[in-house]
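The following note sets out points for a colleague who is looking at this chain. Please read each point alongside the structure shown below.

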Amino acid sequence: ESMATTNDVNVRTAPSTNSEVLMTMPTDTVVAVIGVSEDTEDGAWYEIWYNEVCAYLNAKYVKSISSAAPATSEPLLRHRTKWKSRRKELPAAFHQR
């Protein structure tokens, strides 16, 4: 699913604010979401494919392109699934770090 960042947001190596920051993505950057985490201590996270590795964005800084509503709005919460289950659908090359 294509989504866009709502603010400048850190792209991380794992779904945690304690993980390494790969880069800061500017506002309105379009990303391809390949998975969604369960809520963590830091909230929900989107898994994205970035520079040939899986990376993570905090869901509160991402919105659906087809809607002005933030990605964490009620309609999207109903579709949240564990990212691990969706990762299995991807070729092995997508899981490299």
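**Notes on strand pairing, core and selected residues**

1. Strands β4 and β5 are paired in the antiparallel sense, over three bridges. One position to examine in this pairing is G35, whose bridge partner in β5 is E47. The model is a predicted one, and every value in this note is to be read accordingly.

2. The next pairing involves β5 and β6, which are also antiparallel and are linked over six bridges. W49 has C54 as its bridge partner in β6. The hairpin formed by β5 and β6 has two residues between the strands, and within this hairpin N51 adopts a positive phi near 50°.

3. Strand β1 pairs with two partners. With β4 it runs antiparallel, joined by three bridges; with β7 it likewise runs antiparallel, and again three bridges make the connection. On the β4 side, A32 stands opposite S2. On the β7 side, S64 is the bridge partner of M3.

4. The overall layout may help to place these pairings. The chain contains two helices and seven strands, and their order along the sequence is β-β-β-β-β-β-β-α-α. The helices therefore come after the strands in that pattern. Of contacts between residues at least 6 apart in sequence, 54% join residues at least 24 apart.

5. S2 deserves a separate look. This residue belongs to strand β1, which covers residues 2–5. S2 counts as partly exposed because its relative accessibility is 44%, a value that lies between the limits of 20% and 50%. Apart from residues up to four places away in sequence, S2 touches V30, V31 and I65. Its C-alpha atom is separated by 6.5 Å from that of I65, although the two residues are 63 residues apart along the chain.

6. Which residues of the largest nonpolar core touch the most other members? They are V31, V33, Y46, I48 and L57, in a core of 14 residues. The elements that contribute two or more residues to this core are β2, β4 (30–36), β5 (45–50) and β6 (53–58). Strand β4 provides the largest share, namely three residues.

7. L57 may be taken as an example from this core. With its neighbours within four places in sequence left aside, L57 is in contact with T5, V9, N10, V11, V31, A44, W45, Y46, I48 and V62. Among these contacts are V31, Y46 and I48, which are named with L57 as residues that touch the most other core members.

8. How many salt bridges does a search of the whole structure find? The search finds one. The pair consists of D28 and K63, with 3.9 Å between the closest N and O atoms. Since D28 lies in the loop between β3 and β4 while K63 belongs to strand β7 (residues 62–64), the pair ties together parts of the chain that are 35 residues apart in sequence. In general, side chains of opposite charge can pair when their charged atoms come close.

9. Both members of this pair merit a further remark. K63 has a relative accessible area of 24% and is therefore partly exposed. D28 has a phi near 70°, which is a positive value in a residue other than glycine. A reviewer may wish to inspect the backbone of D28 in the loop between β3 and β4.

10. Is S19 buried or exposed? S19 is buried, because its relative accessibility is 13% and the limit for a buried residue is under 20%. This residue is found in the loop between β2 (9–12) and β3 (21–25). The side chain of S19 reaches the backbone oxygen of S16 at a distance of 2.7 Å. When neighbours within four places in sequence are left aside, S19 is in contact with R12, T13 and A14.

11. Two totals for the chain complete the note. Buried residues account for 34% of its 97 residues. The chain exposes about 5,600 Å², of which carbon and sulfur atoms supply 50%.

Conventions. Residues numbered from 1 in each chain as written. Predicted model: local features only at pLDDT ≥ 70, side-chain atom pairs only at ≥ 80, totals over all residues. Heavy atoms only, no water. Helix = DSSP H or I, 4+ residues; strand = E, 2+ residues; numbered from the N terminus. Buried < 20%, exposed > 50% of the residue type's maximum accessible area, 1.4 Å probe, protein only. Polar contact = N/O pair within 3.5 Å; in protein donor to acceptor, adjacent residues only side chain to side chain. Contact = heavy atoms within 4.5 Å. Core = buried A, V, L, I, M, F, W, Y, C linked by side-chain atoms within 4.5 Å. Salt bridge = Lys/Arg side-chain N within 4 Å of Asp/Glu carboxyl O. Pairing = 2+ DSSP bridges. Areas by Shrake-Rupley, 256 points an atom, 1.4 Å probe, with all protein chains shown as cover.
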